[in-house]
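Colleague: I should like to go through this model with you, one point at a time. May I put my questions in turn?

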Amino acid sequence: MSSTQGSIETQEAIERFAEALHQRIGADRYRLWFTHGVGFDLEVGESPDDGKPTVVVVIRTSGPFAAQRMGNSFATELRAAAMIACGERARYRIDVEEAEQPAPKKRTRAAKVAAEEKASTKSSGGRRSTARQTSGRASSGRASSGRPSAGRRGSANSLASLLAQSTATGDDKSGGSRGGRGRSRGRVEHDPIAASELPEGDQFDDEEMDDEEVVVSTPRSSKSKLPPLPESQPTGGRTLESFITGPCNEFAFSAAMMAVATPSVATPLFLHGPTGTGKSHLLAALANEFRTRRRMRRVVLLTAEQFTNDFVVSVGSTGLPAFRRRYRDVDALLIDDVHFLAAKTATLREALYTVETLASAGKPLVFSANLPPSDIRGLTGEVAGRMASGLVCPLAAIDQQTRFQLLQRMVATRCVLGCDNALLEEVSELIGGDARAAGGIANLIGMLQRMFRREPTIDEIRRYGGDLLRSTQVAPTLRSIEKAVCETFGLEGDGLRSKAQTRRVSEPRTLAMYLARQHTGSAFTEIAKHFNRRSHSNAISAITKVETWLSSGKPIGAGDGAMSAQDAIARVESRLRVG
């Protein structure tokens, strides 16, 4: 078969195969069996049985034990993934790279041939001997007389056309193998070139060859071959076209469009906001755009937890060089939930070097977290500065109009009956700004339609979905407001309750009492008591002070932590939404 390694079509087919296999066996099993020490390749040629195009996905592993387990445990999944990626006639093969070769004997191949020729001359039976030419390296196109060569390069077509032909044939004859010998599904081949393909007189024993004449069957490789792609999350269904925009996210959406148009200029792009605002959707959409529109072959989308786990595993097994190749030899890197990296010193240092390397090469970088880089506690200043060096875009909780449009789309795709827009608008006012909660409400409406055989009323939605509606609107408490203010200004957990009257403490305390009155139903006396003030008059005067700060633009706090009152309120409320 002819190898098409290195072409764009081949790499795309390999990525489709890897993604299909990942979806079928799950993330944990894929990471365990197909991430470390395993590579994928593709071979395209003609079937020796009927001469039709055939595609073989080659899985290369480093040991016979792993190869045998793969063949026994994942035969059905490997076969299905190969058909999805390369058509109905596609099949797969597992090749093993032998770590060591047995020590050859001193008898050379030439001596072997000479001995056979001598024996053939003396024998009276007129047996035919085969003189094999030894020119230092064996030719890959050898074939016996009258037999078709399974290794010939008889395909001048591109991979795309062969795949199209393979899919159009419809009759699956993947059980056939080279040399006309049947092959069972999931068979492990230790040698890509079967012994039956050689002429009868040329089947020599490796133990009878000299060191210089040993021909070892190794997987086809190229100096430009890249290491296996890291595990990447599926992006199906989450595109820029399906993203619903509104006042809450239009700035971040415009930034994402700019990142696609000019990837090397508009990144690093950092998206931050509370849960359910569309950060993961935008990351998946950008990864899809980089692959399809920008024709980038090695686009990696993963969470910060996956990055950390891969780093820990690499330190104990394959080593850091292999880890660095996986993440620095990519065309684009997108990491979700960056706040997971906080306080992980070694992983943060490796992430910084990776980001520096890709940024210097002009590769697109996109990150997301629940807070801006500067507000994530435990994220070093260098990492936060590099991630914020491009564009930092906030995503606010989904507003009522966007929730209404989202509910309309979800109900249209998940419900068996239509739903009145007035009902959806009323429901959208009851749920919070979490898009995931909107999906739960759409499923609830669909279930009630099946139960009642009609459109449910708002009272029925309240009755059966009351817990879901209440869970989407978590009211802040005095304790949560105190914690958010302390984190925003870098104070100790109980710093606002102290008797300190310095500007660094007193002004954040005043702001906390103002927010407590705005977001809770607590009385002035209760607020003053919580913050260890003597009377309710302290809480009342806090309202007047903060309103004055907002109108005048006066900064709050002292030193590097000082910020305007409006900015401070926005950061505290963002932390309250995140929880």
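**Salt bridges and accessibility**

Colleague: Into which accessibility class does R571 fall, buried, partly exposed or exposed?

Modeller: R571 has a relative accessibility of 26%. Buried means under 20% relative accessible area and exposed over 50%, with partly exposed in between (1.4 Å probe, protein chains only). This is a predicted model, in which local features need pLDDT of at least 70, side-chain atom pairs count only at pLDDT 80 or more, and totals for chains, interfaces and linings use all residues; residues are numbered from 1 along each chain as its sequence is written, and side-chain values use heavy atoms, without hydrogens and water. At 26%, R571 is therefore partly exposed.

Colleague: With which residue does R571 form a salt bridge?

Modeller: The partner lies in helix α21 (residues 565-578), 4 residues from R571, so the two are separated by about one helical turn. Helices are DSSP runs of H or I with at least four residues, strands are runs of E with at least two, and both are numbered from the N terminus. The partner is itself partly exposed, at 30%. The closest N and O atoms of the pair are 3.5 Å apart, within the limit for a salt bridge (a side-chain nitrogen of Lys or Arg within 4 Å of a carboxyl oxygen of Asp or Glu), and the partner is D567.

Colleague: How far apart are the closest N and O atoms of D310 and R326?

Modeller: This salt bridge links distant parts of the chain, 16 residues apart, with D310 in helix α9 (residues 304-316) and R326 in helix α10 (residues 320-328). D310 is buried at 9%, and R326 is buried at 4%. Their closest N and O atoms are separated by 3.0 Å.

Colleague: Which residue meets R324 in a salt bridge?

Modeller: The N to O distance of this bridge is 2.8 Å. R324 belongs to helix α10 and its partner to helix α11 (residues 345-360), 26 residues apart. R324 is partly exposed at 31%, whereas the partner is buried at 4%. That partner is E350.

Colleague: How many salt bridges does a search of the whole structure find?

Modeller: Besides the pairs above, D41, E43, R60, R93 and D95 are linked in a network of salt bridges. The search of the whole structure finds a total of 17.

**Helix α18 and its neighbour**

Colleague: At what angle do the axes of α17 and α18 cross?

Modeller: The axes of α17 (residues 478-489) and α18 (residues 503-519) come within 10 Å. Among the residues that meet are L478 and F489 in α17, with P508 and L515 in α18. By class, the contact has 9 nonpolar, 1 polar and no charged residues. The crossing angle is roughly 145°.

Colleague: How many of the residues of α18 are buried?

Modeller: Helix α18 has 17 residues, and its end C-alpha atoms are 24 Å apart, which agrees with the span for 1.5 Å a residue. The helix is mostly covered, and its buried residues include E507, R509 and Y514. The number buried is 12.

**Backbone features in loops**

Colleague: Which residue does a cis peptide bond join to T267?

Modeller: Omega of this bond is about 5°. The residue lies in the loop between α7 (250-261) and β6 (269-272). It is P268.

Colleague: What is the phi of R453?

Modeller: R453 lies in the loop between α15 (435-452) and α16 (458-471). R453 is exposed at 66%. Although R453 is not a glycine, its phi is positive, at about 60°.

Terms used: Axes are lines fitted to C-alpha atoms, for helices over the stretch in contact, and angles run from 0 to 180 degrees between N-to-C directions. Contact means heavy atoms within 4.5 Å. Ala, Val, Leu, Ile, Met, Phe, Trp, Tyr, Cys and Pro count as nonpolar, Asp, Glu, Lys and Arg as charged, and the others, Gly among them, as polar. The expected span of a helix is 1.5 Å times one less than its number of residues.
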